Amino acid sequence: MSIFVDESTTVIVQGLTGSQGRFHGLRNRAYGTKVVGGVTPGKGGTDVEGIPVFDSVVEAVERTGATASFIAVPPRFAPAAILEAAEGGIEFIVCITEGIPAQDEALTYNRLVEEHPGVRLLGPNCPGIISPGKCNIGITSGDIARAGGPVGIVSRSGTLTYQALYELSQKGVGQTTCVGIGGDPVPGTNFIDCLEAFQADPDTRAVMMIGEIGGSEEERAAEWIAQNMDKPVVAYVAGVTAPAGRKMGHAGAIISGSKGTAQAKMAALADAGVRVCQNPTEAGEAMVEIVRAL
Amino acid sequence: MDLFEYQGKQYFARYGIPVSPGGVADSVEEALEVAERVGYPVVVKAQVKVGGRGKAGGVKLATGPDEARTHAQSILGLDIKGHVVTRLWVERASDIAKEYYASFTLDRPNKVHLGMLSAQGGVEIEVVAAESPDAIAMLPVDPVRGLDVATARRWVAEAGLDEEARAQAADLLVALYRCYTEGDCDLAEINPLILTPGGEVHALDAKVTLDDNAAFRHPEWDEFRVDEFEDPRERRAREKGLNYIGLDGSVGIIANGAGLAMSTLDVVNQVGGTAANFLDIGGGANADVMAAALEVINSDPKVTSIFVNIFGGITRVDEVAKGVLEALSRVEIASPIVLRLDGTNAVEGRAILAPHLNDRLITEPTMLEAARRAVALAR
């Protein structure tokens, strides 16, 4: 099994006719993902290499029965696209857009929760989600993942997600699902959402978690793990040497005052019984060791 | 982007938040002109983006021109925690009856806005929070509903602001919330917010952090950018559109993706080195971006080796390799370069570099080995 997406997931791409949407939408389809449509207002009736394009999400859902949406539109249009997807009946939204203003993100998240409580948003500013061999939505290169489990991966950083997939796949360890929750201040899906799903998924037998500086999501996740998780967890937190007060690339990656340091996050995770590693390679090796002992 | 106090006050004023009349001065003469215009007594305040100005002698009261001259002279050029003062804000001095604290920021765990209000202002809010947490009235604000005057009135009463300050403070808080949301701030903080003996409420300081992601809808922010970067390396990187943060070490870092870039800094540190910078070339970087990144790093005299750590996703490793060669053909790179290349088109990328490898251009198979090599070469 896998979490959130599998071989039955049908996907539309909002922004399929744009350069990012086209490139990644086609790449996802080539991976085997059921990409059933695209949405670009004003371009309904056309197609992108055989994928039909619709004017609105409502229409796309009516015609294709899509359950998931992949949003690849510029920051100023992304909040409206997210709400349109939810209103159109989409259950799982992946938004890779980077650079959405925090105010828009907070407003959109709260509208989504209040008006469409059953809808899950992944991102914004995330690499997407891949259940190897079944479904890949987003920008992850499918060839670095390995099907068959038993590891679930959840990560705030895109490139470190690839690094984690690569470390495991190279050593012959597969993944059930790899979720990139993104580096923005208001992620639609957080660590706990993913840990909860991995804990409930019988095929996921261990979890790798990759955090970074800023906010307190890792600490909250640690608390959740201590109380609810019986599967082994390996963690790596980036930014031990990051200076305070500077945004390290991601809008959410900032140490404010004494809050949000990597050290505090690693300590909280270690206290929760998580095996905390000093770099991605070490985390990969630790996970391989755990999986072999299962 | 963090604003200077004077910029923050100008920004507050746009949203109708009352501030003291004042002006900017870059010289003693300008300071005297502003003082003359707003009327004595005045406060002469150093404009630096660091706390503790008062203790460092960067904030002084002047009752007349002689004092104003003396203070302006002493504060201009003053070094406050490594920030040299080149600009002053001179404003009419206020009589203070009471000092309060007010701010809005994002409550990340709860994903709503958070207003903080306290009748104990003028000191660091962290100190108040630690010593008497009950003295801060926290107000979660749902972004969908916003903040109305009725709620703000209950809030000022709950925080225990003085009776005569409450009506004005409530209006000011609604204006501050509008500044924070419509003005796209990550943080809008007033400390102290004062009540004068005459019964007026206004902002005596301004701490504002703007959300760079919202710059596209704020053309008025351009004027704030003039002196945004004190570090010349950061200014150069900005001109090239690179995501760069200057640090103090000797290993220049280039990576793709914020997480990998942070991780690269950590790994360099673990193997005994120090990073000269954080540089994320982002997703989809091409040869031009890579060349620009190497040039910016090359201009840093502290750098003695360069570590390029790429895991291709959207970024194609062959493009990165071309960029490295491009940079080498354009400028002389003073330090040896160690590369670790994996991911999309890594085989093609390594093949492009293969004929050019020597003791100044080196590849290593893993991140850890590359870090060790770069750190050894930096010594």
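This text leads through a predicted model of two chains, A and B, going from the domains of each chain to the contact between the chains.

In chain A, the domain assignment gives domain 1 at residues 10-122 and domain 2 at residues 141-293. The centres of domain 1 of chain A and domain 2 of chain A, taken over C-alpha atoms, are separated by 26 Å. Where these two domains meet, eight residues of domain 1 of chain A are in contact with twelve residues of domain 2 of chain A, and together the two domains bury about 940 Å², with 52% of that area on carbon and sulfur atoms. On the side of domain 1 of chain A, the residues that lose the most area to domain 2 of chain A are Glu105(A), Arg120(A) and Leu122(A), which together make up 47% of what that side buries.

Arg120(A) also appears in the polar part of this domain contact, since its side chain meets that of Asp193(A) in a salt bridge, at 3.5 Å from N to O. The count of salt bridges between domain 1 of chain A and domain 2 of chain A is one, while five residue pairs, both members at pLDDT 80 or more, are in polar contact across the interface of these domains. Helix H1 (19-31), helix H4 (102-115) and strand S7 (120-122) of chain A are the elements that give two or more residues to the side of domain 1 that touches domain 2. By class, that side holds five nonpolar residues, three charged residues and no polar ones.

Chain B is assigned three domains, namely domain 1 (21-92), domain 2 (98-224) and domain 3 (232-378). Between domain 1 of chain B and domain 2 of chain B, the C-alpha centres lie 26 Å apart.

The contact between the chains takes 45 residues from chain B and 56 residues from chain A, and the two chains bury about 4,100 Å² between them, 55% of it on carbon and sulfur atoms. In chain B, Arg108(B), Lys111(B) and Phe311(B) lose the most area to chain A, yet together they account for 19% of what that side buries.

Four salt bridges are found across the interface of chain B and chain A; one of them joins Glu234(B) to Arg246(A), with the closest N and O atoms 2.9 Å apart. The count of residue pairs in polar contact between the chains, both at pLDDT 80 or more, is 20. Several elements of chain B give two or more residues to the side that touches chain A, among them strand S8 (112-118), helix H6 (166-182) and helix H8 (258-270). H8(B) gives the most to that side, with ten residues, and the residues of the side as a whole divide into 21 nonpolar, twelve polar and twelve charged.

Definitions and conventions
Residues numbered from 1 in each chain as written. Chains lettered and ligands numbered in written order. Predicted model: local features only at pLDDT ≥ 70, side-chain atom pairs only at ≥ 80, totals over all residues. Heavy atoms only, no water. Domains from an automatic or database assignment. Contact = heavy atoms within 4.5 Å. Buried area = accessible area lost by both parts, 1.4 Å probe. Polar contact = N/O pair within 3.5 Å; in protein donor to acceptor, adjacent residues only side chain to side chain. Helix = DSSP H or I, 4+ residues; strand = E, 2+ residues; numbered from the N terminus. Nonpolar A, V, L, I, M, F, W, Y, C, P; charged D, E, K, R; others polar.
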